[in-house]
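These are my notebook entries on a single model. I set out to look up how its helices, strands and cores fit together.

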Amino acid sequence: MTRASYRFPLLLACLLGLLSCKEEGRSDEVIEPNPPNIIYILADDLGYGDVSCYHPSGKIKTPHLDALAAQGMRFTDAHSPSAVCTPTRYGILTGRYSWRSPLKSGVLTGKSKALIAKNRTTVASLLKKSGYHTAFIGKWHLGWDWALKDTADLGGDGWNPGDFDAIDFTKNIAHSPNDLGFDLAYGHSGSLDMAPYVYVENGKVTAQVKGVTEDTGKYTWWRKGPTAADFLHRDVTPNFFRRSMAYVKERSKVDAPFFLYLALPSPHTPILPTADWLGKSGMNPYADFMMEMDHYVGQLVATVQEMGIADNTMVVFTSDNGCSPEADFEVLEQFGHDPNGGFRGHKADIFEGGHRVPFIVKWPARVAAGSRSDATVCLTDLMATAAHLVQVPLADDEGEDSFSLLPLLAPQEGGEYARTATVHHSINGSFALRKGDYKLIFAPDSGGWSPPVPGKDMAAKLPPLQLYHLKNDPGETENLVAGHPDILEELTQLMQGYIANGRSTPGPVQQNAPLGLNGQPWHQMEHLMGL
């Protein structure tokens, strides 16, 4: 479909007033039917303080990300919907919190079955129907269905080397990214430290599995598992950038917009800067890896510029959660660098360090250079934003937790950003609700890996709820739960409503999956509904 062929019906619809987009989550203004190319770059385990324009006292140099922010809008209060990988990716692509799906806590593995149902609308399928060419390149980590050998022993969940013996790598996978709206899909199944280590392109493994590899280094480790002949761990991030730049060059010659979802496996473990970057930071391999990734982002943005499509290309850069302790906080601290930018906690936690992330948007045609937004936003908002761009109203069962960012990105065009509150979720399934300056945590502990650790003696002696005023106390040091019963009641009722209604956007009640992947009842929901 050419750009002209999809412009006419959209323009006609706008003229007839059929797409007024007045429901909450979108503003009232009519966007010209000339939607931008969209490049969505998702880093893995990159902390709020790892990008120097967010944390000027940090010691990692990120000149290309800083330039991206200077040329666009920098969001200071952006959040991943979860403090770990898989659920955030689910939220980005569906506009729905992952805890509404069967994944109530934790993450998938490289062997896990597909999490997103084929009949659920994704950002990719929505944009594809509106004339976009859609591509996924990178780390999927949302499950797909491997072909299996004719054997009674299907193996385990994917955490151990023997769990992959039943997979037939010569056959195509099923329920792949291609089934969820992506015209092009190239990547690996889980995190880069999760076997199997093979590339899959449009459903097919790209090279023969030659054997088993593993690494046990402090920074470089990955789990033992089957590895394909064309899979070199240290080259995975550069490979994804090379392919992304080639894709941009190819699609820039076609008269139709494109959506590129570049889901990086870095700077997550294994932390593998290439030889040209090893030691460049003067700190440790994590800092080197960050600098290398910044360099490649700069190359990708430069490619967009070189191809003459920069003005109407929206480049988004963000992270799936906060920085992981695998970065080696103690070593970085010796050099004066805090990956989580002074916020409490880190990856996996319900505290701000677990889910507050950098979020940068460059779109010269609409977004003012050097602009900044302090609005509280969530990565689930991509779905409603994409729908707003192409003037396609979302159905009742689409983007249940997504609000369009267009009123923030282009405030000169009017409208209001309609999000009033945001749900946070930790690795163990603990919830928090943020509204305005207040954040109520429905747990006594971190919900993750930092102290107070769930289930430990310290946590057992703490109040069951935590309430923080983030404007006055961004470090979440003073629990105000005893002095604000009105705030507790308001936020508890709001959270209960978000659960009961199956959505945080206005609309008819939707259903949450009642059971987790293990078939067990959703105890966190039962606890919250009983408060």
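Entry 1, helix α3. I began with α3, residues 85-94, in this predicted model. I find that α3 lies across β1 (37-44), β3 (133-139) and β9 (258-267). Its direction relative to β1 is about 170 degrees. I then checked burial: ten of the ten residues of α3 are buried, so the helix is largely enclosed by the rest of the structure. The list includes polar and charged names as well as nonpolar ones, among them Thr86, Arg89, Tyr90 and Leu93. I noted the packing partners of these buried residues as β1, α4 (123-129), β3, β9 and α9 (382-390). Just after the helix, Gly95 has a positive phi of about 70 degrees.

Entry 2, the sheet. I traced an open sheet of ten strands with mixed pairing, in the order β6-β5-β4-β3-β9-β1-β10-β11-β2-β12. The edges are β6 (204-205) and β12 (371-378); each has a single partner strand, so one side of each lacks a neighbour in the sheet. I looked at one edge in detail: β12 runs parallel to β2 (residues 73-79), and six bridges join the two. In this pair, Asp77 stands opposite Thr376 of β12.

Entry 3, helix α6. I recorded that α6 (residues 285-306) lies across β1, β9, β10 (313-319) and β11 (356-362). With β9, α6 makes an angle of about 165 degrees.

Entry 4, nonpolar cores. Which residues touch the most other members of the largest core? I find Tyr40, Phe259 and Tyr261, in a core of 118 residues. Helix α6 gives the most to this core, with eleven residues. I followed Tyr261 further: beyond its neighbours within four places in sequence, its contacts include Tyr40, Leu42, Phe136, Trp140 and Phe182. Tyr261 also contacts Arg89 and Leu93, both of which are on the list of buried residues of α3. A second, separate core has 22 residues, including Ala421, Val423, Leu480 and Leu528.

Entry 5, cysteines. How many disulfides are there? I count zero, with the sulfur atoms required to be within 2.5 Å. For Cys53, the closest cysteine sulfur is that of Cys323, at 16 Å, which is too far for a bond. Cys378 is likewise in no disulfide, as the nearest cysteine sulfur, in Cys85, is 16 Å away. I also note that Cys378 is buried, at 3% relative accessibility.

Conventions: Residues numbered from 1 in each chain as written. Predicted model: local features only at pLDDT ≥ 70, side-chain atom pairs only at ≥ 80, totals over all residues. Heavy atoms only, no water. Pairing = 2+ DSSP bridges. Helix = DSSP H or I, 4+ residues; strand = E, 2+ residues; numbered from the N terminus. Contact = heavy atoms within 4.5 Å. Axes fitted to C-alpha atoms, helices over the stretch in contact; angles between N-to-C directions. Buried < 20%, exposed > 50% of the residue type's maximum accessible area, 1.4 Å probe, protein only. Core = buried A, V, L, I, M, F, W, Y, C linked by side-chain atoms within 4.5 Å.
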